[in-house]
Structures are given as structure tokens and as C-alpha cells.
Amino acid sequence: SGTATAVAPAEDPTLPKVEYPPKGRFERGDHAEIAEYLGRWLKLETGRLRCLGGELYRCRPDNRWEAVPAAVPNQWVASLAGSSCKTGRALRIGRSDANGVSAFLQEAITLKAPPFPVRAAGVQFSDVFVVSEGGVLVARELSPADGICVGDELPFALDGAPDRGDDPPIFEAFLDESFEGADDIAARKEFLFAWIGLALLGETHRFKSSPVLYGPSDTGKSVVLKVIQSLFPESQCAAVPFQDMQGEINRTALVHMRLNLVAELPSKTLRDTAVVKAIMSGERVYMRRPYGHAFSAELRCAHIVAANELPPTADAALLNRMVVLHFPHVVPRERQEEGLGQRIIAAEGAAIARRSLAALAGVLRANRVPEPTSSRAWRGQWLLGGDPVAYWMQECLESDPSGSIPARVLYPEYQAWARLNGFTDVVNTLILGHRLAAAFEKCQRRASGCGYRVRRRPEGWGSPSDSSSGPLAGLDVPP
């Protein structure tokens, strides 16, 4: 095999200039040696190159990170071909050799260089970087350790102190109209603005709170989603439903994201929620890219959900991470304004961001996110919807010291009620008896056998009070 003189790669303006050895010589198959030389040229010790999930990232002079296209490392490798060898011809590095060198290079980066920096709890405006330091919002210059990528900055300037606040009258008036009739309108708005601030800085995992915009169609939920989405750069937004987070490949769509918009919850029961809770809490989870190796990362993505129905789930830990904001008022077609979300952002985008940072400053001082009282009531009803037996006992039975009804008599009645309200969980007579024994006093009589001291609530039987369907149909819940 011939040898060739190593030539410095083509100059890259995003990397520092270095001196190259004048007589570095390689042979065909010297993948590790070429990768080591290339790594010295890239100056790994300066921290300008990182590897995450099989992808390369490099830091630009403006301290922003950018993904390196897959073809670029091979171009770097190809530029090492010498101008001559023993045969008098240039040493050509083919695709397979270039891929081999790239693999050695990524391995060297993974082993020798620190991991890709986890994004700081901060947001890059067009004029300044705002970060949370010691529970206080501070404006400072961006650094490579902040992990901000190209295109992650907001399209408007902060133009002042981080906690000075501002008033977005159009958006606030829209929220007032959407929540009209509720007793805690101010608390709902304060939570929403504080959550937006947490999402901008990537701190929602710390407080484990995700808003669920719940209500019928045409109630304004989509407008709120569009306004919030427009506050974030497009490169920081994802749309991964909860049920898709079970897939290792699907989870890679949340890497480096700041906002995940879940447009609708599944109508079926939410199951296998352990991964969802881990992602919402910012814990390290495993994932892999298509045809790539598995890797792990801490996801700092904020999640917001819009839902026409609340699917049943018995996972109280998951529901404790949800804050339900009810949108009760259906807007008639003739009153709906096309492009309202875009108009609000165009007029008040910067004001909404500043208002959100001011609300966030209060959250950081108190170290807690204020939850509207109506959300706790809705969450309790949601949890009951995931436990049909408990929901049925609450709605249809009450304690009666003189009563005695066996489980075998109540079981057909429970089945009919469950079908009427859309529940599909399988419960047999034995399970129903255990649940009744835990909730009501048990009695023994010769005539009727084992029974329970209960009686039926007349108002608990029959059709739901409205025309809606699903587990929560007909519930008496807060506005």
C-alpha cells in the first residue's frame, strides 16, 4: 500500500487556526491514526466539538452550537489525502475508509471530550441571554456551556430588566373571556404566564407542572396553543403525543427541544406512563436514532396538552403533574376571528414574554407554582374517571346501616352503568366484592348471604345529564 503526505484540511472559519505537522504520513487503513490527527486539528481540548446520540455538534465563535452535517466529517477526512505517494499518484480515501475514520473520530470525541452541555436554565433573546442563577433572573452574555444552538434565540429583544414585566392587553382580554364565570380567573392567568416563563427558561421539570387545556371544540384552546408556540423558535418545538413516548426512536424528537405540544389526548386509557413521568421530570432516559446506537439524555422539554376529553387513568403520580385549565365557552362560528393567534403575537409577543418572566420571578422567589383551585377539583374528577369502581360507588351508592345488598346483585348493575358511561375495564364479581368490602361495612345474613350495608342513590342511575360521552359524562364539576 502506498503512503501520502498529510495535508491540513480546508480552512474552517468556525474553528481556530492551528499549525500542522509538515510531514505526517499515513497508509491505507490507518483509520485511528488519521482520526487522531484530525482530532488534533479540530482541537478537541478547546471544547469546540461534541458528540450526542451519534451526531456531531461544533461551537461557533458566537458561542452558539450547530449540528455538523453527516457529510462534513467525511469531507474533513478526504482533505487529508496527500498530494503524492510512492507511485506518484494522490492517495484517495474512499467512502468506506472515510466512514471508518469518522467512526474513530466520534469515539474519540465521546471518550475524551466532555458530554454535550446540558442547556442552562436560560433563554436567548435577540439582545441578551437571561438565566436563572440562585433563584434570581440575570441578564448576561452567552457562553458555550449554556448549550444554546443556532436558531434557538427568540425573535424579539428583552429591552430591559428580566423581571420588569409588561402588559399584553389583547391576550389578557382573550383569557378573561375564555374563563368567564370562573371564580379563579386571576389565578389561572397567573399560572399560565408563570408556566410560559418556566418553559422559556427550560425549568418546567423542576416544578413538574404541565397545563392541560380542557374543553369542547371552538373554546379558544387552539388560540392559546398558537400564541405559546409562536413564542418559541421553530427549532425548539416538537409534537410528540404521550402514547408515542414509549418508543425509543420517537423520544429522540424531544432532544434539544424546549416545547412539546400535545394537540389531543388519546381516548383510550393512558397506560405505561412511567416513561412519560420520567420525561416530564427531566430524568435521564434512553433512546436511539434510526439505524443508530442507543444513547441517554436529560430532556428539558416543557409539555402542554389540549384535550376535548380526559382519558381515564389510575396513575395519580402522572395526574399530579397536570394542571387542568377548563375552557367552558364555545365560540360561535360567526364570532371566531381567523388568525387571532398570529395577531396577538405580532402585537404583543415581546410583552407576553416579559410578562411571563415577571411571573416567573415570583415563582422562583416562592419556590412554588401557584395552582388554581379549580384545577385540583378537576384533577380529582379525572382520577375518579380512571377508577370506574370508585367512581360508580361514589355516584351510585351510599352507606345504609340497615341495608344488605350482595355483590352478585350489584355486579350486573355496575356492568350496565359502566357500558352507559363508556368504561371498558374488566371487573368481575370477586373484585367488585373486595372493593365494596374496603368502602362499606360488610354484613352476614342467612336469607341473602354476604352483603354490604349500602343503598342505591336514585339520582346516580340512568343516562348522563348531557349529550357528551366518555367516563366524565354528566359530572358536576367546577366551571
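Start at the second largest pocket, which has a volume of about 710 Å³. A pocket here is an open set of points on a 1 Å grid over the protein atoms alone, with protein on both sides within 12 Å along at least five of seven lines. Grid points are joined across faces, edges and corners, and a volume is the space filled by probe spheres set on the points. Before you go on, note that this is a predicted model, in which local features need pLDDT of at least 70 and side-chain atom pairs count only at pLDDT 80 or more, while totals for chains, interfaces and linings use all residues. Residues are numbered from 1 along each chain as its sequence is written, and side-chain values use heavy atoms, with hydrogens and water left out.

Now select F174, G220, V223, V331 and Q336, which lie nearest the centre of this pocket among its 30 lining residues; a lining residue has an atom within 4 Å of a point. Colour α4 (169-178), α7 (221-230), β14 (302-307) and α11 (340-366) next, since each gives the lining at least two residues. Helices (H or I, at least four residues) and strands (E, at least two) are DSSP runs, numbered from the N terminus. Which element supplies the largest share of this lining? That is α7, with 5 residues. By class, the lining has 10 nonpolar, 11 polar and 9 charged residues. Ala, Val, Leu, Ile, Met, Phe, Trp, Tyr, Cys and Pro count as nonpolar, Asp, Glu, Lys and Arg as charged, and the others, Gly among them, as polar.

Just before α7, stop at D218, in the loop between β9 (210-214) and α7. D218 is not a glycine, yet its phi is positive, about 60°. With a relative accessible area of 31%, D218 is partly exposed; buried means under 20%, exposed over 50%, and partly exposed in between (1.4 Å probe, protein chains only). For a second positive phi, select H256, at about 70° and also not a glycine. H256 sits in the loop between α8 (248-251) and β11. Is H256 buried or exposed? It is buried, at 18%.

Next, go to the largest nonpolar core, with 53 residues; F125, W195 and I228 have the most contacts inside it. Such a core is a set of buried Ala, Val, Leu, Ile, Met, Phe, Trp, Tyr and Cys residues joined through side-chain atoms within 4.5 Å. Elements that each supply at least two of its residues include α4, α5 (185-201), α7 and β15 (322-326). The largest share, 12 residues, comes from α11. Centre on W195: leaving aside neighbours within four places in sequence, W195 is in contact (heavy atoms within 4.5 Å) with residues including T204, P211, I228, L259 and H303. A second, separate core has 31 residues, among them A238, A278, I279 and M280.

Finish with a cavity, a set of points where a 1.4 Å probe fits but cannot get out. The whole structure has 3 cavities of 30 Å³ or more, and the second largest has a volume of about 50 Å³. To find the second largest cavity, select lining residues such as G122, I148, L200, F232 and R258. Strand β6 (residues 122-124) gives the largest share of its lining, 3 residues.

Zooming out, the chain shows 15 helices and 19 strands, and 51% of its 479 residues are buried.
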